[in-house]
Amino acid sequence: MTPSTTRTAEATVDLDAIAHNTAVFAGRTDAVVMAVVKADGFGHGALPVARAALASGATWLGVTTCAEAMALRRGGVVAPVLSWLHAHDEDFRPLIGNDVDLSVSSLEHLDGIAGCAADVGGVANVHLKVDTGLHRNGARAQDWADLVRRARDLERAGLLHVRGLWSHLISGSDARAESVGRQVALFDDAVAHAREAGLRPEVRHLANSAAALDAPETHYELVRPGIGLYGAEPDPRHGHGLRGAMTLRARLVLAKRVPRGSGVSYEHDYTTPRDTTLGLVPLGYADGVPRSAGTSARVWIDGRLHPVAGRVAMDQFVVDLGGAAAQAGDEVVLFGPGDDGEPTVLDWATWAGTIPHEVFTGIGTRVPRRHVGERALAGRVEESLIG
Ligand SMILES: *Cc1c(COP(=O)(O)O)cnc(C)c1O
């Protein structure tokens, strides 16, 4: 027998779906679109996603850490990039040298950045963040005046430029939440104060995916969609035709007949209700298959849904195939866009009691990502040009 070159498991990422979803966001706003590609593009691959989004209507990229921002620059991305979560005393010099914008929430942080700018003889582009109620990052209202004043002084000293003012919404999925209007009002106050103090920001931004789709009053000059770019509707009750970009599939590594009454997997949480065929899937919670999805979960094999049997282990789980004529090598789809009836990432999130963001970002490093679609081809050409 010739050994197979097919992988036992992989996540394919359809960059045409990313492009389509980016265009949906661009079509719903007059603001510019910042594609949020933190956490390796929500597990989809930050660089290919960034390229597909930038080719389809996005003009900015958003990431969390300095390392994520630098990886984009090293990958040849020249578009504006904002990085928004740091310690105040990180080494910001490479970021400033590579024209990465930095979010700032405190005086210490502002001084740390200004010090690095002085060191490299550059000007740091910063976005001052105000806390409008989420109570994570961002300056408190009572500290805003000091932050704005210091930023203005450092701007006059030629060390930084306040390019943006921003905040983040409390509601991750419901753009009609009552909190949205309250946050808009507090944000507008903070902006007005900054302008009175002499700042001239180019971009104000507040909206995540949900708000970018359905709350135009939050758009200002820039919106920051994340989850929607990857095809999960932020509010499944109000869909916008977003297309799931990732398909997670594997191949059965074993199929075997067992009698009725056979306990399956650790602690025998599942017992076969009849003589049946069990299929072994080589993906476990180390690969991001949520253990908590338990026996509610279903997978798609040969055009039908089959239940997960027993506990998901670190590296594998078992499927009860009933009388299906399954054999080792058969394809198993855990989730995909849902077009053919296969489960979606939202199904898995629901089974596991979580959100699609966590399912996507939980997919482990053992699962190779394969990028497909016209954009993937274009990306390869572009890559060869970048050298
Ligand atoms: C993750 C994130 C986003 C994107 O949010 P989604 O709900 O995924 O669209 C936007 N802004 C900030 C600050 C974030 O951390």
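Colleague: Before we discuss the ligand, what is a polar contact here?

Modeller: A polar contact is a pair of N or O atoms within 3.5 Å. The structure is a predicted model. In it, an oxygen atom of the ligand lies 2.8 Å from a polar backbone atom of Gly226.

Colleague: Which side chains have an N or O atom close to a ligand oxygen, and at what distance?

Modeller: An N or O atom in the side chain of Ser209 is 2.5 Å from an oxygen atom of the ligand. For the side chain of His357, the corresponding distance from a ligand oxygen is 3.4 Å.

Colleague: And how much of the ligand does the protein bury?

Modeller: The ligand taken alone exposes 390 Å², and the protein buries 93% of that.

Colleague: Which residues surround the ligand?

Modeller: Its surroundings include the aromatic residues Phe42, Trp84 and Trp166, together with Lys38, His168, Asn208 and Arg224. Pro225, Gly226 and Ile227 are also among the surrounding residues, as are Ser209 and His357.

Colleague: Let us change topic. Which residues touch the most other members of the largest nonpolar core?

Modeller: They are Leu128, Leu283, Phe317, Leu334 and Phe335, in a core of 114 residues. Helix 8, residues 178-196, gives the most to this core, with six residues.

Colleague: Why does the core lie between domain 1 and domain 2?

Modeller: Domain 1 (14-229) and domain 2 (246-372) both give residues to the core, so it lies between them.

Colleague: What does Leu283 touch?

Modeller: Leaving out residues up to four places away in sequence, Leu283 touches Ala9, Leu248, Arg249, Ala250, Val289, Asp315, Gln316, Phe317, Leu334 and Val367. There is also a second, separate core of six residues, among them Val258, Val264, Ala309 and Val318.

Colleague: Now helix 4, please. Which of its residues are buried?

Modeller: In helix 4, residues 66-74, the buried ones are Cys66, Glu68, Ala69, Met70, Leu72 and Arg73. Their cover includes helix 2 (38-42), helix 3 (46-54) and helix 5 (93-97), along with strand 3 (58-63), strand 4 (81-83) and strand 5 (100-104).

Colleague: What follows helix 4?

Modeller: Gly76 follows, with a positive phi near 95°.

Colleague: Finally, how many helices and strands does the protein have?

Modeller: The protein has twelve helices and 19 strands. Its C-alpha trace spans about 80 × 50 × 35 Å along the principal axes. Of the 387 residues, 51% are buried. Among contacts with a separation of 6 or more, 68% join residues 24 or more positions apart.

Notes. Residues numbered from 1 in each chain as written. Predicted model: local features only at pLDDT ≥ 70, side-chain atom pairs only at ≥ 80, totals over all residues. Heavy atoms only, no water. Core = buried A, V, L, I, M, F, W, Y, C linked by side-chain atoms within 4.5 Å. Buried < 20%, exposed > 50% of the residue type's maximum accessible area, 1.4 Å probe, protein only. Helix = DSSP H or I, 4+ residues; strand = E, 2+ residues; numbered from the N terminus. Domains from an automatic or database assignment. Contact = heavy atoms within 4.5 Å. Near = heavy atom within 4 Å. Polar contact = N/O pair within 3.5 Å; in protein donor to acceptor, adjacent residues only side chain to side chain. Areas by Shrake-Rupley, 256 points an atom, 1.4 Å probe, with all protein chains shown as cover.
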